[in-house]
Amino acid sequence: LQGRRGGGSWWYLLLVVQFVAALWPPFYNKAEPALAGMPFFYWYQLAWVIIGAVLTAIVYFVTEAEARNR
């Protein structure tokens, strides 16, 4: 053992960021600024689907690499 047991990884905080960004409607409950005729409310959520997938992939690959190196 390397003297490190369990513990979490700070990378998981990226998952919390996307969770809070999508589940805090007062932040994005507005129509402006529109993007290609789509109100902010809709394109913000759609953008977080893409951002969330990227962040989840980052967390997965980094934590898998850390687990493999233990």
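Helices here are DSSP runs of H or I with at least four residues, numbered from the N terminus. The model shown in these views is predicted.

**View 1. The whole protein follows the pattern α-α-α along its sequence.** Three helices and zero strands are found in the protein. Of its 70 residues, 16% are buried. Take the contacts between residues at least 6 apart in sequence: 53% of them join residues at least 24 apart. The next views move in on individual residues.

**View 2. Phe-40 and Trp-43 form an edge-to-face ring pair.** A search of the whole structure gives eight aromatic pairs. For Phe-40 and Trp-43, the ring centres are 5.0 Å apart and the planes stand at 90°, which is over the 60 degrees needed, so this pair counts as edge-to-face. Both residues belong to helix H3 (residues 40-68), and because they are three residues apart there, about one helical turn separates them. Phe-40 is buried, since its relative accessibility of 9% is under the 20% limit. Trp-43, with a relative accessible area of 23%, is partly exposed.

**View 3. Phe-41 and Tyr-42 also pair edge-to-face, and ring pairs build a cluster.** What are the ring distance and plane angle for Phe-41 and Tyr-42? Their centres lie 5.3 Å apart with the planes at 85°, so the pair is edge-to-face. Phe-41 is partly exposed at 28% relative accessibility, whereas Tyr-42 is exposed, with 51% relative accessible area. Step back a little and you can follow ring pairs that link Phe-27, Tyr-28, Phe-40, Phe-41, Tyr-42, Trp-43, Tyr-44 and Trp-48 into a cluster.

**View 4. Lys-30 sits over the face of Phe-40.** Look for Lys-30 at 5.2 Å from the centre of the Phe-40 ring. Phe-40 is the buried partner from View 2, at 9% relative accessibility, and one of the members of the ring cluster.

**View 5. Helices H1 and H3 cross at roughly 170°.** The axes of H1 (residues 13-22) and H3 come within 9 Å of each other. Is the pair roughly parallel or roughly antiparallel? The crossing angle of roughly 170° is over 145 degrees, so H1 and H3 are roughly antiparallel to each other. Their crossing is left-handed. From H1, the residues Leu-14, Leu-15, Val-17, Gln-18 and Ala-21 take part, meeting Tyr-44, Trp-48, Ile-51, Gly-52, Leu-55, Thr-56, Ile-58 and Val-59 of H3. Tyr-44 and Trp-48 may look familiar: they are also among the residues of the ring cluster.

**View 6. Gln-18 in helix H1 is buried.** Its relative accessibility is 17%, so Gln-18 falls under the 20% limit for buried residues. Which residues touch Gln-18, leaving aside its neighbours within four places in sequence? They are Trp-48, Ile-51, Gly-52, Leu-55 and Thr-56.

**View 7. The loop between H2 and H3 holds a cis peptide bond and a positive phi.** Most residues other than glycine have a negative phi, and most peptide bonds are trans. The bond from Glu-32 to Pro-33 is cis, with omega near 5°. Pro-33 lies in the loop between helix H2 (25-28) and H3. Ala-36 is placed in the loop between H2 and H3 too. Although Ala-36 is not a glycine, its phi is positive, at about 55°. Ala-36 is exposed, with a relative accessibility of 85%.

Technical notes: Residues are numbered from 1 along each chain as its sequence is written. This is a predicted model: local features need pLDDT of at least 70, side-chain atom pairs count only at pLDDT 80 or more; totals for chains, interfaces and linings use all residues. Side-chain values use heavy atoms; hydrogens and water are left out. Rings of Phe, Tyr and Trp (its six-membered ring) pair if their centres lie within 6.5 Å; planes under 30 degrees apart count as stacked, over 60 as edge-to-face and the rest as tilted. Helices (H or I, at least four residues) and strands (E, at least two) are DSSP runs, numbered from the N terminus. Buried means under 20% relative accessible area, exposed over 50%, partly exposed in between (1.4 Å probe, protein chains only). A charge sits over a ring if NZ of Lys or CZ of Arg is within 6 Å of the ring centre and within 35 degrees of the ring normal. Axes are lines fitted to C-alpha atoms, for helices over the stretch in contact, and angles run from 0 to 180 degrees between N-to-C directions. Angles under 35 degrees count as roughly parallel, over 145 as roughly antiparallel, 65 to 115 as roughly perpendicular and the rest as oblique. A crossing is left-handed if the near helix is turned anticlockwise from the far one by less than a right angle, and right-handed if clockwise. Contact means heavy atoms within 4.5 Å.
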